[in-house]
Amino acid sequence: MRISELARTTGASARSLRYYEQLGFISPERRSNGYRDYDESAVATVRTIKTLLDLGLPSALIEQILPCTRGKKVEDQCPAIVDQVVALRDDMDSRARDLLRTRDALTESLTRIGR
DNA sequence: GTTCTTACA
DNA sequence: TGTAAGTA
């Protein structure tokens, strides 16, 4: 299928689809006229990409996860992925604490000037 | 008319 | 990411 159709069925813009290709997430064939030609599997792949991106996973990690999404459980095919997700979660925790600390310091300062 | 690449906001 | 420009 052409890019507009894949865009319609996945909800991703044609712009994003080309970007995903740049990142190496998808590799569509090319028609004689130069148009990209996506196979049915691209639909599922793009949906996975969108989901992972929404979850905030870095593209570098998504790149490693995609090849493991063929079967059912990613953790069965690529155990190493789990460790990276745990690391990501812990990092999020760390950043959240820092943000909270900064927010409290800000509130403290603001309180002193009556705001 | 649709898509492509490149580039700018 | 969206959009504009100039093509094929």
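**Exercise 1. Work out whether Ile-113 is buried or exposed, and place it in the chain.**

Solution. Begin with the number: Ile-113 has a relative accessible area of 59%. The cut-off for exposed is over 50%, so Ile-113 counts as exposed. Keep in mind that you're looking at a predicted model. Next, find the residue: Ile-113 sits in the segment after H6. Finally, check a distance. Ile-113 and Asp-91 are 22 residues apart along the chain, and their C-alpha atoms are separated by 34 Å.

**Exercise 2. Do the same for Thr-9, then find what Thr-9 touches beyond its sequence neighbours.**

Solution. Step one: Thr-9 belongs to helix H1, which covers residues 3-10. Step two: the relative accessible area of Thr-9 is 36%, so this residue is partly exposed. Step three: set aside the neighbours within four places in sequence, and Thr-9 is left in contact with Val-43 and Arg-47. Step four: look at Val-43 again. Thr-9 and Val-43 are 34 residues apart along the chain, yet 7.3 Å separates their C-alpha atoms.

**Exercise 3. Find the disulfide, give its handedness and say what it links.**

Solution. There's 1 disulfide to look for. As a reminder, a disulfide is a covalent bond between the sulfur atoms of two cysteines. Here the partners are Cys-68 and Cys-78, with their sulfur atoms 1.8 Å apart. For the handedness, go to the torsion about the S-S bond: it's about -90°, so the disulfide is left-handed. Now trace the chain. Cys-68 is in the loop between helix H4 (59-65) and helix H5 (74-77), while Cys-78 is in the loop between H5 and helix H6 (79-112). The two cysteines are 10 residues apart, and the pair links distant parts of the chain. One last check: both Cys-68 and Cys-78 are buried.

**Exercise 4. Describe the largest nonpolar core, then zoom in on Tyr-20 and Ile-65.**

Solution. Some background first: in soluble globular proteins, nonpolar side chains tend to be buried together. In this model, the largest nonpolar core has 25 residues. Those with the most contacts inside it are Leu-6, Leu-17, Tyr-20, Tyr-38, Leu-57 and Ile-65. Helices H1, H2 (14-22), H3, H4 and H6 each give two or more residues to this core, with the largest share, 5 residues, coming from H3.

Now pick out Tyr-20. Not counting residues up to four places away in sequence, Tyr-20 touches Ala-12, Phe-25, Ile-26, Val-46, Ile-49, Lys-50 and Leu-53.

Then try Ile-65, in helix H4. At 6% relative accessibility, Ile-65 counts as buried. Leaving out residues up to four places away in sequence, its contacts are Leu-52, Leu-57, Val-74 and Ile-81. Measuring from C-alpha to C-alpha, Ile-65 is 9.6 Å from Ile-49, and the two are 16 residues apart in sequence.

**Exercise 5. Size up the largest pocket and sort its lining.**

Solution. Start with volume: the largest pocket holds about 350 Å³ of space. Then go to the walls. There are 17 lining residues, and those closest to the pocket's centre are Phe-25, Ile-26, Ser-41, Thr-45 and Arg-70. Sorted by type, the lining has 8 nonpolar, 5 polar and 4 charged residues. Which helix gives the largest share of the lining? Helix H3 (residues 41-54) does, with 5 residues.

How values were computed:
Residues are numbered from 1 along each chain as its sequence is written. Chains are lettered from A and ligands numbered from 1 in the order in which they are written. This is a predicted model: local features need pLDDT of at least 70, side-chain atom pairs count only at pLDDT 80 or more; totals for chains, interfaces and linings use all residues. Side-chain values use heavy atoms; hydrogens and water are left out. A disulfide is a pair of cysteine sulfur atoms within 2.5 Å. Helices (H or I, at least four residues) and strands (E, at least two) are DSSP runs, numbered from the N terminus. Buried means under 20% relative accessible area, exposed over 50%, partly exposed in between (1.4 Å probe, protein chains only). On a 1 Å grid over the protein atoms alone, a cavity is a set of points where a 1.4 Å probe fits but cannot get out, and a pocket is an open set with protein on both sides within 12 Å along at least five of seven lines; lining residues have an atom within 4 Å of a point. Grid points are joined across faces, edges and corners, and a volume is the space filled by probe spheres set on the points. Ala, Val, Leu, Ile, Met, Phe, Trp, Tyr, Cys and Pro count as nonpolar, Asp, Glu, Lys and Arg as charged, and the others, Gly among them, as polar. A nonpolar core is a set of buried Ala, Val, Leu, Ile, Met, Phe, Trp, Tyr and Cys residues joined through side-chain atoms within 4.5 Å. Contact means heavy atoms within 4.5 Å.
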